[in-house]
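Reader: I would like a close look at a single part of this model, with the terms explained as they come up.

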Amino acid sequence: MSHPTDIEIARAASKMPIQDIGAKLGISANDLVPFGHDKAKVSAEFIAAQAGREDGKLILVTAINPTPAGEGKTTTTVGLVDGLNAIGKQATVCIREASLGPCFGMKGGAAGGGYAQVVPMEDMNLHFTGDFHAITSAHNLLSAMIDNHIYWGNKLDIDQRRVSWRRVVDMNDRALRDIVTSLGGVSNGFPRQAGFDITVASEVMAILCLANDLEDLQQRLGDIIVAYRRDRTPVFCRDIKADGAMTVLLAQALQPNLVQTLENNPAFVHGGPFANIAHGCNSVIATQTALKLSDYVVTEAGFGADLGAEKFLNIKCRKAG
């Protein structure tokens with residue numbers, strides 16, 4: 001007897017309109033920004049209005065030893081939320097978004113598995129609501145502005161050998177890890193060694209997932225060190241005057257995404273920093289919002305307990321209060 005695959009189960013799901021999922025949390029249709037019928041962003045105005053409410057209880061799912069194929073933390077997280085709701089508790093999922101790198105690599109998607117999944121699974125594992133594309137664009141805008149500043153006179157006296165800000169793409173592409181940019185003649189700038197990281201390794205991703213609001217986001221973006229001068233003093237993102245433009249690109253991405261489990265329970269899916277190079281948790285905004293609207297919030301932290309769980313406790317919990 002053959003069992004249905006994850007994607008077959010997800011495609012057969014009986015999904016509720018996202019407005020009905022929002023209603024379970026007390027979110028009106030006017031406070032949702034729909035992306036189709038089954039996913040939406042929660043407005044910043046609604047989130048700000050919940051500040052005085054009491055928090056629910058936060059539950060972390062972690063694991064001992066991560067494997068190349070994943071560990072089952074998301075599956076456990078989703079199953080636990082469905083189970084809590086089945087016994088009459090009001091519980092909500094809070095997990096990270098999927099990166100296209102692992103999705104098309106060995107690990108696969110990040111929406112759970114079997115009958116403990118978040119849907120729409122295919123959308124979640126691909127472009128979803130465009131958050132990762134916005135983060136990629138904001139990151140690479142800063143890269144372009146650094147090179148443009150150097151080309152037009154380099155008033156900040158940036159040492160081209162010490163530009164620490166690389167570019168990003170949300171894909172596993174080893175050919176781009178180390179490259180030489182600005183080849184092709186004088187009009188293309190000054191050649192230098194550079195490279196690409198994956199989008200989920202971007203400092204912009206980590207910042208978005210720790211920011212409380214747009215003002216906090218811009219402040220944190222401005223604090224990024226992008227290069228060093230010849231006297232070894234740091235050059236910041238705000239020195240390049242990129243922080244405002246980056247914030248504009250990220251304004252919608254900062255709003256958390258609401259979807260549902262196979263059993264039609266609410267799930268916030270927002271942000272996706274890796275735990276081996278960042279803090280490995282979904283956004284502070286999504287978790288804080290869920291805690292204001294739920295009795296129980298179940299979340300996960302990437303990789304094993306020695307990475308994601310420790311960073312969840314030492315970084316995210318301290319930041320989120």
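Where does the largest share of the lining of the second largest pocket come from, and how many residues is it?

Author: The largest share comes from H12, with six residues. This is a predicted model, in which local features need pLDDT of at least 70 and side-chain atom pairs pLDDT 80 or more, while totals for linings use all residues. Residues are numbered from 1 along each chain, and side-chain values use heavy atoms, without hydrogens or water.

The second largest pocket (an open set of points on a 1 Å grid where a 1.4 Å probe fits, with protein on both sides within 12 Å along at least five of seven lines) holds about 520 Å³ of space, the volume being that filled by probe spheres set on the points. Its lining (residues with an atom within 4 Å of a point) counts 26 residues, and Ile 47, Asn 212, Ile 285, Gln 288 and Thr 289 are the closest to the centre. Besides helix H12 (284–293), helix H3 (44–49) and helix H13 (305–320) each supply at least two residues of this lining, helices being DSSP runs of H or I of at least four residues.

By class, the lining of the second largest pocket divides into 14 nonpolar, eight polar and four charged residues, with Gly counted as polar. Because domain 1 (6–128 + 255–320) and domain 2 (132–250) both give residues to the lining, the second largest pocket lies between them; the domain bounds come from an automatic or database assignment.

As for the largest pocket, about 1100 Å³ of space lies there, and its lining likewise draws at least three residues from each of domain 1 and domain 2.
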